[in-house]
Structure formats: structure tokens, C-alpha cells
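Here's a walk through the model on screen, taken one piece at a time. Let's start with what's hidden and what isn't.

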Amino acid sequence: MFFVFVLILMFNMHGGSVCQNGIRPNIVMVMSDAFDGRLTFDPGSRVVQLPYINYLRELGTTFLNAYTNSPICCPSRAAMWSGKFVHLTQSWNNYKCLDANATTWMDLLEQSGYHIQRMGKLDYTSGSHSVSNRVEAWTRDVQFLLRQEGRPVTQLVGNMSKVRIMTQDWKTTDKASQWIRHTAASLHQPFALYLGLNLPHPYRTDSLGPTAGGSTFRTSLYWLKKVSFDLISVPKWLPMSAMHPVDYYSTFTKNCSGNFTEEEVTSIRAFYYAMCAETDAMLGQIISALRETGLLNNTVVIFTADHGDLAMEHRQFYKMSMFEGSSHVPLLITGPGFMSGLQVSQPVSLVDLYPTIMDIAGISAPGDVSGHSLLSLPSKSSADPPKLHPDWVLSEYHGCNANASTYMLRTGQWKYIAYADGLSIPPQLFDLTRDKEELQNVVHKFPDVWTNLDKLLRSIVDYPKVSEAVHHYNKQQFLAWRQGLGSNYSQVIANLRWHVDWQKDAPANERAIDEWLNGSS
């Protein structure tokens with residue numbers, strides 16, 4: 001507690017201005033993968049011990065309603081690095097994101113005199129991820145239903161002394177800590193460090209072969225001891241027959257339509273929380289390196305994630321959904337210019353980080369970014385009138401495990417979700433003040449709210465037009481891929497992640513694809 005008190009005192013003393021004595025602050029961003037933002041504040045924070053996230057919450061500003069701009073890895077990160085909404089960069093799926101030469105906020109920092117360093121998971125440019133992942137995205141409009149993911153499972157490794165489970169992330173974190181101590185500490189210019197982690201994203205299920213996705217929640221007893229099992233909630237599920245059609249599709253393709261015992265669900269959630277605790281420890285190593293080198297006092301530290309994980313809420317795991325577990329991300333910022341212990345309820349999203357970082361560094365942000373600086377929200381510096389931040393955030397999804405382009409508008413108490421052309425698939429409306437579990441679609445109960453929010457959404461993005469563009473792109477890409485394989489096509493497509501279901505009736509699945517390709521649109 002004394003350590004926390006000293007840090008709070010330091011930040012209260014120096015939080016009035018972003019620049020101290022004319023010196024621009026250092027910037028450190030730690031971006032995790034699949035971290036549910038609701039765990040960073042009460043009541044979610046009670047279920048698992050996250051001491052370093054708690055440090056950031058006490059020392060800085062916590063954004064209680066921070067959202068991804070797309071609940072999947074690459075498009076979400078493309079939005080964060082570019083500051084632009086997904087439809088503006090056409091980051092449609094994990095394969096189609098930014099060009100390799102796209103200008104990011106890190107590039108602008110370097111041009112303005114910052115010493116920059118990127119480490120770990122970046123994942124914002126086109127061309128990565130598995131063939132299965134991209135083909136599943138391209139064919140989501142095809143009239144078949146195939147399981148694409150492995151059934152979610154848990155795996156206990158090691159014992160109470162086993163700490164480093166995700167060894168790749170620990171190696172990267174060690175490298176980043178050493179860089180802070182040996183390079184950053186001796187610099188005569190401000191620096192910007194980005195550290196990308198894989199945790200708490202579930203691990204690939206090895207037993208399903210090399211094409212398998214991440215469906216294994218892996219940890220050790222050391223990290224499970226950080227979880228309060230008595231506080232783990234077992235989420236309520238709608239019957240499959242009562243699900244929204246897109247949610248039904250997602251539940252099936254994520255291999256969650258079978259039976260799960262209450263013990264299985266609790267175990268998956270506990271292992272996920274334990275993986276979050278391991279992530280927190282890596283964040284702590286970075287904070288410790290900054291403190292021990294005397295750099296923390298003039299460093300803005302940002303902790304966030306690309307998306308969350310449903311962890312069996314709504315009978316799903318993984319992301320690819322607009323439900324809170326998937327779309328709500330952590331966002332904690334501490335350092336010069338950010339108030340200690342402040343909690344901001346204003347909805348914000350990852351595109352806001354680009355102009356915020358520009359603001360911190362004293363650089364003019366490009367005029368075409370979609371986000372708004374978070375320094376315009378409540379802070380210690382109030383000499384200038386705040387710039388208006390819109391009272392809504394936009395998220396959209398166009399990838400696999402969802403059979404329609406999806407658009408989410410979050411504003412006030414409401415979450416509005418529209419699909420495809422706005423006509424062929426019914427929308428959803430949730431009142432998050434009364435229905436935190438998002439089980440009651442009240443779109444027909446509040447028709448005026450529905451009308452007004454749809455009008456607002458269409459003023460932000462012409463979503464029927466975007467949906468049609470994605471549909472056209474998917475067809476073109478799939479056709480080019482199929483033609484490129486020549487005579488090997490049938491064998492290759494039959495051995496993707498959906499191979500078990502595909503092989504039950506391969507001719508029917510082939511016909512469904514042909515009908516889709518030969519369709520009018």
C-alpha cells in the first residue's frame with residue numbers, strides 16, 4: 001500500500017499538464033488480446049486479483065465504457081493504429097486489414113522526435129492468419145452450417161510453482177523490460193514503447209491439428225489461486241430456439257451448441273480469469289521497470305485490448321460478437337494529464353487512442369481520423385474548454401463466425417445492433433441499465449428509440465452499402481482463391497477447420513457454394 005500511496009502522491013503532484021518543464025512525456029502502451037474490460041472495475045474486478053491493473057485504476061483514469069471498433073484481432077488493431085473506423089480502411093477480416101506501409105500514430109511520433117520501439121503482437125496489416133480463417137469469412141453467406149472452432153476446453157499445467165505459462169509473452173515482456181532499463185533510461189529524447197501480448201487469448205487446441213483455432217483455456221494452479229471461485233457467475237442462456245439468427249449461427253460455428261455442465265462453464269470462466277491474472281503480472285513487470293528507472297513519473301501508461309472474450313456468456317466463447325464480453329475492452333491511462341482515481345462513463349473506443357496520443361505528444365492529428373482525443377474529457381487541466389467527444393461509439397464486424405455484417409452503436413443506456421442491409425435480418429436493442437446480461441431484445445418495445453438510433457447509425461455509416469461491398473469482396477476473394485488452387489481445390493477445402501462437418505455431405509456443401517457464387521449479387 002505504501003508503494004501505491006507514493007505513486008498516487010507523485011501523479012497528483014504532476015498531473016496538471018501533459019508536458020513537464022517543457023519535456024514531452026514518454027508513452028507506453030500495453031495491448032493484450034481478448035481481455036474483458038469489465039474486469040478492470042467493480043464488480044468485475046472482484047472475481048480475480050489484478051494488482052497492477054488496480055494500481056493503474058488508483059493512479060490514473062479508468063474508462064468504464066471503452067469498446068473495440070471491431071471484435072476481432074486484426075481489424076480492431078487496424079482501427080487502433082490508424083485511428084479510423086473499420087469501414088474506412090476496409091479491414092474486413094483477419095486477412096484484410098491495413099497496407100504494410102500505412103501511416104500509424106507511432107510513425108508520426110517518430111517523425112516528431114520520439115524514439116520508438118514496437119514489441120510483441122502487432123497484427124494490423126493484411127495477409128496473416130490461417131487459410132481456414134479467411135475462407136470461413138469469405139463463405140459466411142453460404143447456406144450451410146459448419147462448426148469452425150474446437151469445443152472450448154480447459155487444460156491445467158504445472159503446479160503451484162508454475163508461473164510462466166505463456167512463454168512467448170513472457171519473453172517479449174522480459175525484452176521490453178530490459179529495453180526500458182538499458183535503452184530508454186539512457187535516452188535524451190522522449191520514447192514510445194508498444195508491447196503487444198497474446199494473453200488472455202485462448203491457446204490453439206493441439207489435438208485438433210495444425211488448422212485448429214484457439215479453444216483451449218490453459219493455466220496453472222498458481223494463477224487459479226488468484227481467482228475467487230465463489231464470485232464466478234454462471235451466465236444465463238437463451239434456448240437455442242429463441243436466439244437471434246446471427247447469434248445462433250455463431251453459437252453453432254463456435255462449437256458451443258452441445259451440452260455443457262455448470263461445472264464445465266465455471267471451469268472455463270475460472271481458467272480465463274486466471275489467464276487475465278497472468279496478463280496483469282506482465283503489465284506489472286513493465287510498471288516496475290519504469291518505476292525502478294525513475295521514468296514512471298513522466299510516462300503515460302496505457303493498458304487496453306483489441307477485444308474481449310465471451311467466456312461462455314450467451315453460449316459462446318471467443319469474440320466476434322457485440323455482446324459486452326466480446327466488445328467491451330479495458331482502457332486505463334495514467335501519467336501526466338490524467339487524473340488519479342477518475343472513472344469516466346463516457347463511451348469511448350480504440351480509434352480515440354490515435355488523437356489522444358497525438359495530443360499527449362503535442363502533435364496535430366490528421367483531420368481524417370475517426371476518433372477524438374480523450375484529453376478533451378475530464379482531466380486536471382481545465383484551462384481550455386473541452387472539445388466535444390460524441391456521446392456514441394461505433395463497432396462493426398465483417399468476419400467469420402457471424403453470417404452477416406454487424407454494426408453496433410453504443411450510447412447512453414442503449415446498445416443498438418443492426419445487420420446486413422437493415423431489412424433482411426432483425427435488429428437488436430438492449431437497455432444495459434436494466435438488462436446487463438443482454439438477454440432481452442427490446443427493439444419492438446421502444447420503436448422510437450429504434451428509429452432514432454438507426455437514423456444516427458446511418459448518419460455515421462451507410463451500413464447497407466458497406467454490407468454489400470463486403471459481400472462482393474467475399475465472393476471475389478473466394479473465387480480467386482478457388483481458381484488458384486485448380487484441381488487441388490476439393491481436397492484443400494475439405495481439410496479446413498470445418499472438415500468433420502464438411503465431409504458428412506461434401507457434395508451438398510459444394511452445391512451451396514456454387515449457388516452462392518452464381519447468385520445475383
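A residue is called buried at under 20% relative accessible area, exposed at over 50%, and partly exposed in between (1.4 Å probe, protein chains only). By that yardstick Cys276 is buried, at 0% relative accessibility.

Before going further, the ground rules. This is a predicted model, so local features need pLDDT of at least 70 and side-chain atom pairs count only at pLDDT 80 or more, while totals for chains, interfaces and linings use all residues. Residues are numbered from 1 along each chain as its sequence is written, and side-chain values use heavy atoms, with hydrogens and water left out.

Back to the cysteines. If a disulfide is a pair of cysteine sulfur atoms within 2.5 Å, the count here is zero. Cys73 has the sulfur of Cys74 as its nearest cysteine sulfur, 8.2 Å away. For Cys276, the nearest is that of Cys73, at 14 Å. Cys73 is buried too, with a relative accessible area of 2%.

Now for charges. Take a salt bridge as a side-chain nitrogen of Lys or Arg within 4 Å of a carboxyl oxygen of Asp or Glu, and you get 23 of them. One joins Asp306 and Arg77, 3.2 Å from N to O. Helices (H or I, at least four residues) and strands (E, at least two) are DSSP runs numbered from the N terminus. Asp306 sits in the loop between strand S9 (299–305) and helix H11 (324–327) and Arg77 in helix H3 (residues 73–82), so this pair ties together parts 229 residues apart in sequence. Asp306 is buried at 0%, and Arg77 is buried at 0% as well. A salt-bridge network links Asp33, Arg77, Lys121 and Asp306.

Another salt bridge pairs Lys84 with Asp368, the closest N and O atoms being 2.9 Å apart. Lys84 is in the loop between H3 and helix H4 (86–89) and Asp368 in the loop between helix H12 (353–361) and strand S13 (392–397), so they tie together parts 284 residues apart in sequence. Lys84 is partly exposed at 23%, and Asp368 is partly exposed at 44%.

Finally, look at helix H17 (residues 506–517). The expected span is 1.5 Å times one less than the number of residues; for these twelve residues that gives 16 Å, which agrees with the 17 Å between the end C-alpha atoms. Its buried residues are Asn509, Glu510, Ala512, Ile513, Trp516 and Leu517. Seen down the axis, they fall within an arc of 155 degrees (using directions from the helix axis to the C-beta atoms), so they line one face of H17.
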